[in-house]
Amino acid sequence: MNGGPSGFNNAPVTRAFVITSVLFTVFFGIRGGGGGSSSKLALSYQDVFEKFRIWKLIKSSFAFSSTSELLFGVYLLYYFRVFERQIGSNKHSVFILFSGFVSLILQTLVLSLFKDTTANLLTSGPYALIFASFVPFYLDIPVSKRFNVFGLHFSDKSFIYLAGVQLLLSSWKRSMLPGICGIIAGSLYRLNIFGIRKAKLPGFIASFFSRMSLPSSSSHSQAPRRTSPSLGRQAVRSYQAPIPSSIEPSEEAIATLVSMGFDQNAARQALVHARNDVNAATNILLEAHSH
């Protein structure tokens, strides 16, 4: 399983977020803090309720406190770019802001319960976005492969879950709390509280991320990375389920697959063969792309 075509094609907001997270971690986390980077970036009761250190709140939202957390975090952020391709950069920007805001409120409530001004209770890093993204990952991304290792059952989604568990437990309670807050924020977004899933930012705000992020190395070769019509036809021919020829894919479903980087004709053929099921059509196209 993969997140669609490689690189950050059709995912400029995710690309900008990853670049920002890496730069903040290098300058304020790993290099800037030395051995005490974890304590310098972690949030405490004093940071929020007494001195209200806004700059520290911003740094703790982006910068990981260790190299291992950075590696696992960037890996997950890179994979979850598939959701920006599905819903578009504008709505994905709303998802990032909503999950970060709700998670911050929940973390603030946790800090208010433990009024220890000397303890850094919450680790730093974009845990809100990462663990909020696990909600659509669990509900929307289908399992395409299953296998056994020493009698244990795994799927192609297991590696993403294992990376998430590693990140969740990286600092024990200090990382578990932000992770759980992120999952709650993702669940509230999924439940469409306050109609948040229909909300959109002004177009210039979302496009700002596209302008500020560095050029993707794959941006010069977008066309070859899309599934070609012939490749789509090959995938459809290899899929054996019989379907009636009268099924016409919806324009919304076609647009969803195209936003993920697939060719429009290949997307249409895959949807016809998958009975207009976007998840099944995605599997057909990803299989074709991997051959």
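# Exercises on a predicted model

At 28% relative accessibility, Asn192 counts as partly exposed. The model is a predicted one. Asn192 opens the first exercise.

**Exercise 1. Two asparagines in loops**

Place Asn192 in the chain and give its phi angle. Then do the same for Asn276.

Solution.
- Step 1. Find the loop between α11 and α12 (203-212); Asn192 sits there.
- Step 2. Read its backbone angle. Phi of Asn192 is near 60°, which is positive although the residue is not glycine.
- Step 3. Check the exposure class. Buried needs under 20% and exposed over 50%, so Asn192 at 28% falls in between.
- Step 4. Turn to Asn276. This residue belongs to the loop between α16 (264-273) and α17.
- Step 5. Phi of Asn276 is near 65°, again a positive value in a residue other than glycine.
- Step 6. Asn276 has a relative accessible area of 28% and is partly exposed.

**Exercise 2. The chain as a whole**

State how many helices and strands the protein chain has. Then find what share of its residues is buried.

Solution.
- Step 1. Count the elements: 17 helices and four strands.
- Step 2. Take the burial figure. The protein chain has 291 residues, and 44% of them count as buried.
- Step 3. Look at the outside. The accessible surface is about 14800 Å², and carbon and sulfur atoms hold 63% of this surface.
- Step 4. Look at the contacts. Among those with a separation of 6 or more, 78% join residues 24 or more positions apart.

**Exercise 3. The two sides of α10**

Name the buried residues of α10 and the elements that cover them. Then find which residues form the nonpolar patch on the surface.

Solution.
- Step 1. List the buried residues of α10: Ser158, Ile160, Ala163, Gly164, Leu167 and Leu168.
- Step 2. Find the cover. It includes α5 (67-79), α8 (127-132), α9 (134-140), β4 (152-155) and α11 (173-190).
- Step 3. Go to the surface. Tyr75, Phe147, Val149, Phe150, Phe159 and Leu162 make up a nonpolar patch, with about 660 Å² of accessible area together.
- Step 4. Ask which elements supply the patch. β3 (146-149) and α10 (158-168) each give two or more residues.
- Step 5. Place one member: Leu162 belongs to helix α10.

**Exercise 4. Leu167 and its neighbours**

Is Leu167 buried or exposed? Which residues does Leu167 touch, not counting those up to four places away in sequence?

Solution.
- Step 1. Locate Leu167: helix α10.
- Step 2. Apply the cut-off. Leu167 is buried because its relative accessibility is 1%, and buried means under 20%.
- Step 3. List the contacts: Phe64, Glu69, Phe72, Gly73, Leu76, Tyr127, Ile130, Phe131 and Ser175.
- Step 4. Check one long link. Leu167 and Ser68 are 99 residues apart along the chain, and their C-alpha atoms are separated by 8.5 Å.

**Exercise 5. Aromatic pairs**

Classify the pair Phe17 and Phe62. Then classify the pair Phe134 and Tyr161.

Solution.
- Step 1. Recall the description. A pair of aromatic rings is described by the distance of the centres and the angle of the planes.
- Step 2. Get the total: the structure holds 21 aromatic pairs.
- Step 3. Take Phe17 and Phe62. Their centres are 5.2 Å apart and their planes 45° apart, and the pair is tilted.
- Step 4. Place both rings. Phe17 is in helix α1 (residues 12-33) and Phe62 in helix α4 (residues 54-62), so the pair ties together parts 45 residues apart in sequence.
- Step 5. Add the burial of one ring: Phe17 is buried, at 12% relative accessible area.
- Step 6. Take Phe134 and Tyr161. The centres lie 6.1 Å apart, the planes are at 25°, and the pair is stacked.
- Step 7. Place these rings too. Phe134 is in helix α9 and Tyr161 in helix α10, 27 residues apart.
- Step 8. Set out their exposure. Phe134 is buried at 11%, whereas Tyr161 is partly exposed at 30%.
- Step 9. Widen the view. Phe134 and Tyr161 belong to one aromatic cluster, which also includes Phe64, Tyr79, Phe80, Phe83, Tyr127, Phe131 and Phe137.

**Exercise 6. A threonine in α17**

Which backbone oxygen lies 2.7 Å from a polar atom of the side chain of Thr282?

Solution.
- Step 1. Place Thr282 in helix α17 (residues 278-290).
- Step 2. Check burial. The relative accessible area of Thr282 is 10%, so Thr282 is buried.
- Step 3. Name the partner: the backbone oxygen is that of Val278.
- Step 4. Look beyond four places in sequence. There Thr282 is in contact with Leu257 and Met260.

Technical notes. Residues numbered from 1 in each chain as written. Predicted model: local features only at pLDDT ≥ 70, side-chain atom pairs only at ≥ 80, totals over all residues. Heavy atoms only, no water. Patch = residues over 30% accessible without salt bridge, like charges linked within 9 Å, V, L, I, M, F, W, Y side chains within 5 Å. Areas by Shrake-Rupley, 256 points an atom, 1.4 Å probe, with all protein chains shown as cover. Salt bridge = Lys/Arg side-chain N within 4 Å of Asp/Glu carboxyl O. Buried < 20%, exposed > 50% of the residue type's maximum accessible area, 1.4 Å probe, protein only. Contact = heavy atoms within 4.5 Å. Phe/Tyr/Trp six-rings, centres within 6.5 Å; stacked < 30°, edge-to-face > 60°.
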